[in-house]
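Hi everyone, thanks for coming. Today I'd like to walk you through some ring contacts and a bit of enclosed space, so please have a look at the screen with me.

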Amino acid sequence: MKKIIQLLYILFAVAAFSACSDDNQGEVVSQDLAYQLDANYVFVDIPEEFPFDPSNILYLEGRTVMKLNAKSDGTQTTITEGTEFTFNVKLKKALDQDVKVRLRKDLDLLEGHTLAELPDEAFELADAIITAGSREGTIALDITKPDVLNAMPGYVLPLCLEFVDAISGVKVSEQSYSVLIEMILTFEKDNIDPSNDEIEGEYFSNNVIFESSKTNNLSYLYDGNRSGTKWYPGRNDYLTMTFSEPTRILGVRIDVVTNSYKLGSMNVYVDEGSGFISYGRFVRNNNGVIYMKFKEPVNMHALKFDGMLTTSGGTGPDIYEITFIK
């Protein structure tokens with residue numbers, strides 16, 4: 001009887017296995033149930049509080065540092081990039097009410113900066129209004145008095161974003177909340193006449209000390225021979241001419257060649273008593289004689305040239321003689 005029961009168990013097991021092997025049921029595979037996970041190597045870190053902040057966020061979009069360049073002649077200052085600027089502000093989610101926000105000066109952001117603080121009288125800031133249902137607004141900065149900005153090497157304006165009136169449930173971003181405006185100022189006078197007209201006055205080159213990084217043939221620049229041996233500077237060479245005492249100068253005559261090596265452009269600097277200041281880039285395309293006339297006569301201590309190039313932008317322009325007119 002026991003053998004009959006055992007046979008029946010075997011038949012039932014085979015039938016069950018065949019049923020589980022049906023294509024519609026999937027495949028049965030064996031598994032070692034003796035295997036268990038080691039509790040020492042299974043760890044799930046569930047923090048008590050998730051760092052997700054559901055608050056609405058106000059933030060500045062775009063650059064956080066703005067670099068400007070300006071030139072001043074001591075009276076008038078010109079900012080290369082202009083005087084009007086805008087900054088975009090955004091909300092993470094639109095609100096059902098208008099929101100007024102602004103940028104204000106924050107001197108705490110000046111740590112580590114050596115430029116002077118941009119004076120309040122030089123600029124105006126207009127608040128932004130983010131209207132109900134919108135996520136964006138624009139804050140306007142207008143440098144209304146650039147001429148008061150005349151101290152080198154320049155200025156810095158640190159601004160931070162804030163609400164004009166606090167809004168419940170809305171925070172200011174901790175990352176995109178400030179902008180730093182840096183303006184580098186150079187002193188440059190517009191005092192060179194664009195014409196090449198001959199200059200009336202007394203021509204001289206004595207009592208002037210000529211110095212240069214290119215010393216070869218330097219003495220020929222003031223030997224009185226306007227078509228003799230040439231002096232030709234490299235791209236990085238400079239030439240300074242220092243007077244024995246301050247002299248009222250009307251202009252300069254430069255004798256050059258008439259071929260492709262004639263002088264075409266150079267940077268001009270003048271020492272009026274407080275060090276060299278830029279007079280800008282001098283550009284000419286004249287054969288033989290170049291006249292550099294000052295719009296206003298200069299009480300000059302010294303004159304400096306560098307960046308001297310030919311009319312085609314090449315190096316080594318040929319110069320015969322340099323003569324001053326007073």
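So, how many aromatic pairs does the structure hold? There are 5 aromatic pairs here, and please keep in mind that this is a predicted model. I'll show you two of them.

How do we talk about such a pair? A pair of aromatic rings is described by the distance of the centres and the angle of the planes.

Let's begin with phenylalanine 204 and phenylalanine 243. Their ring centres are 6.3 Å apart and their planes meet at 50°. An angle over 60 degrees would be edge-to-face and one under 30 degrees stacked, so this pair is called tilted. Now find the two partners along the chain: phenylalanine 204 is in strand 13, residues 203–204, while phenylalanine 243 is in strand 15, residues 238–256. That puts them 39 residues apart, so the pair links distant parts of the chain.

Are these two buried or exposed? The cut-off for buried is under 20% relative accessible area. Phenylalanine 204 has 9%, so it counts as buried, and phenylalanine 243, with 7%, is buried too.

Next, tyrosine 279 and phenylalanine 294. Here the centres lie 5.9 Å apart and the planes stand at 90°, so we call the pair edge-to-face. Tyrosine 279 belongs to strand 17, residues 276–283, and phenylalanine 294 to strand 18, residues 289–310, so the pair ties together parts 15 residues apart in sequence. Tyrosine 279 is buried at 5% relative accessibility, and phenylalanine 294 is buried at 2%.

Back to our opening pair for a moment: Phe204 and Phe243 form one aromatic cluster together with Phe324.

Rings can also have a charge over them. Which rings does lysine 304 lie over? One is tyrosine 269, where lysine 304 lies over the face at 5.6 Å from the ring centre. Another is phenylalanine 276, with the charged end of lysine 304 at 6.0 Å from the centre of that ring.

Finally, some empty space. The count comes to 1 cavity of 30 Å³ or more, and the largest cavity holds about 40 Å³ of space. Among the residues lining it are Leu68, Tyr155, Ile181 and Met183. Strand 10 and strand 12 each give two or more residues to that lining, and strand 10 has the largest share, with 3 residues. What classes of residue make up the lining? There are 8 nonpolar residues, no polar ones and no charged ones.

Thanks for listening!

Notes:
Residues numbered from 1 in each chain as written. Predicted model: local features only at pLDDT ≥ 70, side-chain atom pairs only at ≥ 80, totals over all residues. Heavy atoms only, no water. Phe/Tyr/Trp six-rings, centres within 6.5 Å; stacked < 30°, edge-to-face > 60°. Helix = DSSP H or I, 4+ residues; strand = E, 2+ residues; numbered from the N terminus. Buried < 20%, exposed > 50% of the residue type's maximum accessible area, 1.4 Å probe, protein only. Lys NZ or Arg CZ within 6 Å of the ring centre and 35° of its normal. 1 Å grid on protein atoms, 1.4 Å probe; cavity = no way out; pocket = protein on both sides within 12 Å on 5 of 7 lines; lining within 4 Å. Points joined across faces, edges and corners; volume = space filled by probe spheres on them. Nonpolar A, V, L, I, M, F, W, Y, C, P; charged D, E, K, R; others polar.
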